[in-house]
Amino acid sequence: MSAFQFGINLGFATKRWPEPEAWTALVRETLDLDLVQFTFDLLDPWWPEADRRLLARKTRRAVEAAGVTIHSAFVGLASYTYNGLLHPEPAGHRAGLEWWRRAVELAAELGATAVGGPLGGMSVRSAEAGERDRFYQRLLEDVCSISEWAAAAGLRELLIEPTPLVREIPHQVGDSLQLLADLKGKTATPVRYVLDVGHALYQPLYGADAALDPWLEALDEHVGVFHLQNTNFQSDSHWGWPDSRGCFDVAAFAQTLRRHRLINRPIFLEVFYPFELADATLLENIRSSVEHCRRLLA
């Protein structure tokens, strides 16, 4: 039995199995897992409050009946396509902040203990105009506000995911550390990072010798969650196993975490598929991906 807490991000269920009874059955019966990271692609915080709460209650009943735990509720592909908290227009920024307020509420309604995701991306014009520092100062205030909402809702953590895009914050080890330093003592809940292996090892940005060790050595106890995916290190691939395009070594990843004594952090398989892919093909790949990771993590 692996010492790791291994679960799955529900991105694979988007559009195909939105019914809580459907995805909980897949998680428990097909994948033999009991830990999930909920994606807001299944239930959007923007939906009318009454409908959102109704669906959240239905989800809680389904996960309790199936014996599944929702660890955290997380930004999905849909919300990641927006500029979020780094939107260049004041009205766009206000909308991004309101989205997070509702996301916190929904995470609590789902029974999760944490909420998180990437924070946002600057526009090309803003980045070229040298406005990063101004946006960063505003972002610090936003993260503090979100942490206060999270604490009031009973959540235990705010999870931030670094991304390998220079117009996003944070996107590298240095600004991840700076963000922690500037937030120290100012947040109502702990801020921890989601370290996605496909992000941290993205060679076009970090170089051919990109490795997890610099991230783990620097962030250490501030890493809250890992995202696991198959990748060729040239794209944020999110492939599964087997896939001839990918070459990520799960066994070596497990060894690295053991060496850094980080075996008590949840690890979520995060795999995305084309919507046109046949459902049966997806199911077979997600099942084989879970088995591959479970075996090598153990």
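In the predicted model, Glu-98 is partly exposed, with a relative accessible area of 22%. The side chain of Glu-98 takes part in a salt bridge with that of Arg-101, at an N to O distance of 2.5 Å. Both residues belong to helix H4 (residues 90-110), and because they are three residues apart, about one helical turn separates them. Arg-101 is likewise assigned to the partly exposed class, its relative accessibility being 26%. Glu-98 also forms a salt bridge with Arg-102, here with 2.9 Å from N to O. This second pair again lies within helix H4, with a spacing of four residues, or about one turn of the helix. For Arg-102 the relative accessibility is 22%, and the residue counts as partly exposed.

These two pairings form part of a broader arrangement. Glu-98, Arg-101 and Arg-102 are joined with Glu-49, Arg-52, Arg-53, Glu-105 and Glu-109 in a network of salt bridges. Side chains of opposite charge can pair when their charged atoms come close. The structure as a whole contains 15 salt bridges. One of them connects the side chains of Arg-16 and Asp-279, with an N to O distance of 2.4 Å. This salt bridge links distant parts of the chain, since its partners are 263 residues apart: Arg-16 is located in the loop between strand E1 (6-9) and helix H1 (20-30), whereas Asp-279 is in helix H12 (residues 279-297). The two partners fall into separate accessibility classes. Arg-16 is buried, at a relative accessible area of 15%, while Asp-279, at 43%, is partly exposed.

Helix H4 also holds Ala-103. The relative accessible area of Ala-103 is 0%, so the residue is classed as buried. When neighbours within four places in sequence are set aside, Ala-103 is in contact with Phe-40, Pro-45 and Val-115. Phe-40 is 63 residues from Ala-103 along the chain, yet the C-alpha atoms of the two are separated by 8.1 Å.

The nonpolar interior was examined next. In soluble globular proteins, nonpolar side chains tend to be buried together. Here the largest nonpolar core comprises 82 residues, and the members with the most contacts inside it are Ile-8, Phe-12, Trp-23 and Phe-253. A second core, separate from the largest, consists of seven residues, among them Leu-35, Phe-74, Val-194 and Phe-268. With residues up to four places away in sequence not counted, Phe-12 touches Trp-17, Leu-26, Leu-31, Val-271, Tyr-273, Leu-282 and Ile-286.

Open space in the model was considered last. Rolling a probe the size of a water molecule over the atoms shows where empty space is left. The largest pocket has a volume of about 310 Å³. A total of 18 residues line this pocket, and those closest to its centre are Ser-79, Tyr-82, Gly-84, Gly-96 and Trp-99. Helices H3 (77-80) and H4 each contribute at least two residues to the lining of the largest pocket. Helix H4 gives the most, supplying five residues of that lining. By residue type, the lining of the largest pocket divides into 10 nonpolar residues, seven polar residues and one charged residue. Helix H4 thus recurs across the features described: Glu-98 and Arg-102 pair within this helix, Ala-103 is found in it, and it gives the most residues to the lining of the largest pocket.

Definitions and conventions. Residues are numbered from 1 along each chain as its sequence is written. This is a predicted model: local features need pLDDT of at least 70, side-chain atom pairs count only at pLDDT 80 or more; totals for chains, interfaces and linings use all residues. Side-chain values use heavy atoms; hydrogens and water are left out. A salt bridge is a side-chain nitrogen of Lys or Arg within 4 Å of a carboxyl oxygen of Asp or Glu. Buried means under 20% relative accessible area, exposed over 50%, partly exposed in between (1.4 Å probe, protein chains only). A nonpolar core is a set of buried Ala, Val, Leu, Ile, Met, Phe, Trp, Tyr and Cys residues joined through side-chain atoms within 4.5 Å. Contact means heavy atoms within 4.5 Å. On a 1 Å grid over the protein atoms alone, a cavity is a set of points where a 1.4 Å probe fits but cannot get out, and a pocket is an open set with protein on both sides within 12 Å along at least five of seven lines; lining residues have an atom within 4 Å of a point. Grid points are joined across faces, edges and corners, and a volume is the space filled by probe spheres set on the points. Ala, Val, Leu, Ile, Met, Phe, Trp, Tyr, Cys and Pro count as nonpolar, Asp, Glu, Lys and Arg as charged, and the others, Gly among them, as polar.
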